[in-house]
Number of protein chains: 2
Amino acid sequence: MKDFSVRDQVQQAAVELFATKGYANTSVQEVVEAAGVTKGAMYHYYRSKDDLLFGIYERLLTLQQEHLDEIIGRGMPVAETLRAACVDVIETSIEYLPEGTVFFRSMHMLSPDRHDEVVRRRRRYNDDFVALIERGQSEGVFRTDIPRAVLMAHFFSDIHYLSQWYNPSGPESGTEVAEQITELFLDSLTTGVTS
Amino acid sequence: MKDFSVRDQVQQAAVELFATKGYANTSVQEVVEAAGVTKGAMYHYYRSKDDLLFGIYERLLTLQQEHLDEIIGRGMPVAETLRAACVDVIETSIEYLPEGTVFFRSMHMLSPDRHDEVVRRRRRYNDDFVALIERGQSEGVFRTDIPRAVLMAHFFSDIHYLSQWYNPSGPESGTEVAEQITELFLDSLTTGVTS
DNA sequence: CGCAAAAAACCGACCGCTCGGTATGTTAGC
DNA sequence: GCTAACATACCGAGCGGTCGGTTTTTTGCG
């Protein structure tokens, strides 16, 4: 019976270390020691340190895009869809808080092509969200006096910032915070709209 | 007539390079070449690469704290004070966009004591803002159904995120964006409050 | 099943190189 | 001639990555 795959052990240790010490300040040696394996073993599964880093991005990008696709696929009214999407992405980001820290802090450490792929996939995710806002605007439920880019940035900024302030062992659960932030965003998004 | 001080030239080049390539990926050699000086000159003015980085933090922290103190010192009504403070910090952050990029991305590259000082001073800045919200709540002009920590994070996230999306050569001026974001924040902050 | 051959997993000493930092000049103004 | 302001040559720690080899697991065949 297989314990835990070396691949996963290494990635887990890497996420933890990269999040606390930073990618550049973490040597491959430290990662493999934390994972309880050797350098040889790690380089058997990963071609480079960069590979290891990209794996973290890959995982988060795939997960969140899948979630978003599923929520949009439900075919609910646009306001409910957006609310569900917002709550979900915040909850997920809290669940993967160390990954988020690395994600937003270490993008420029990726090799150029990897970096481009992350930007591409992130943009697609962003565009899917913007499309929701656009729909809501044309249906008259969201305000139109502020550029969509600003509205979108206003929300994504919350995701970005989560790993900087949220404390999982604090008094508030992830779900609570997710709903509070979503509430704030939707309140500002619907201000001035006559219902 | 003194051209531009070597100190400033070096810091300027450093900010630019740290923002685009990242602190860890920028060698001291590259910095001094971009600044048009030599390594010897740089190490005459800075004790270490860390010193150079800290200088960027020092500058931004001092500037923003001074601005905030000044605005609070005007003694306006709390809602107006908060609005002015929000607009100002966004405008300033846009003016110092590369500094902001470095600020939020490279904090963990600072030496532990420097890191602690930045956290300390940042916390003071944060607390000054929270005090404004608290005042507004006790005066009944801001909502009280969401924890202050969440409200505050919701705004600071916008500052954080600015360098990730705002394009100074785009169609919107810094002031416009500053007012739009502030509007969104204040709208969400005053939702549900009977005026 | 038995067992050898092949493949996958893993080890760890080692290497080339980069980079922050220093030591030792050299120049110019007072 | 003394100090501040640089320039140049150099150092060595630490890093990512490699590579020859060993152990463990899987496969194939009688």
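A polar contact is a pair of N or O atoms within 3.5 Å; within protein, one must be able to donate a hydrogen and the other to accept it, and residues adjacent in sequence count only if both atoms are side-chain atoms. Tyr43(A) gives an example: a polar atom of its side chain lies 2.8 Å from a phosphate oxygen of DNA strand D.

## Basis of the model

This is a predicted model, in which local features need pLDDT of at least 70 and side-chain atom pairs count only at pLDDT 80 or more, while totals for chains, interfaces and linings use all residues. Residues are numbered from 1 along each chain as its sequence is written, chains are lettered from A and ligands numbered from 1 in the order in which they are written, and side-chain values use heavy atoms, with hydrogens and water left out.

## DNA strand D

Thirteen residues surround DNA strand D (near means that a heavy atom of the residue lies within 4 Å of the strand). The closest are Lys39(A), Tyr43(A), Lys49(A), Thr38(B) and Tyr45(B). Of the strand D atoms that come within 4 Å of the protein, 58% belong to sugar and phosphate.

A base is reached too. An N or O atom in the side chain of Lys39(A) is 2.5 Å from a base oxygen of DNA strand D. From chain B, a polar side-chain atom of His44(B) lies 3.3 Å from a phosphate oxygen of the strand. Two elements give two or more residues to this surface: helix 3 of chain A and helix 3 (39-45) of chain B. Helices are DSSP runs of H or I, at least four residues long, numbered from the N terminus. Helix 3 of chain B gives the most, with four residues.

By class, the surface near DNA strand D has five nonpolar, six polar and two charged residues. Here Ala, Val, Leu, Ile, Met, Phe, Trp, Tyr, Cys and Pro count as nonpolar, Asp, Glu, Lys and Arg as charged, and the others, Gly among them, as polar.

## Two domains in chain A

Chain A is assigned domain 1 (1-46) and domain 2 (48-190); such bounds come from an automatic or database assignment. Their C-alpha centres lie 27 Å apart. In contact (heavy atoms within 4.5 Å) are 16 residues of domain 1 and 16 residues of domain 2.

The two domains bury about 1,500 Å² between them, 68% of it on carbon and sulfur atoms. Buried area is the accessible area (1.4 Å probe) that two parts lose on being put together, summed over both. Seven residue pairs are in polar contact between the domains, both residues at pLDDT 80 or more. On the domain 1 side, helix 1 (6-21), helix 2 (28-35) and helix 3 (39-45) each give two or more residues. Helix 1 gives the most, with seven. That side divides into twelve nonpolar, three polar and one charged residue.

## Chain A against chain B

Here 30 residues of chain A are in contact with 30 residues of chain B. The chains bury about 2,900 Å² between them, 68% of it on carbon and sulfur atoms. In chain A, His154(A), Tyr161(A) and Leu184(A) lose the most area to chain B, together 23% of what that side buries.

The interface has two salt bridges (a side-chain nitrogen of Lys or Arg within 4 Å of a carboxyl oxygen of Asp or Glu). One salt bridge joins Arg143(A) to Asp187(B), with the closest N and O atoms 2.9 Å apart. Ten residue pairs are in polar contact, both residues at pLDDT 80 or more. Helix 8 (148-165) and helix 9 (174-190) of chain A each supply at least two residues of the chain A side. Helix 8 has the largest share, twelve residues.
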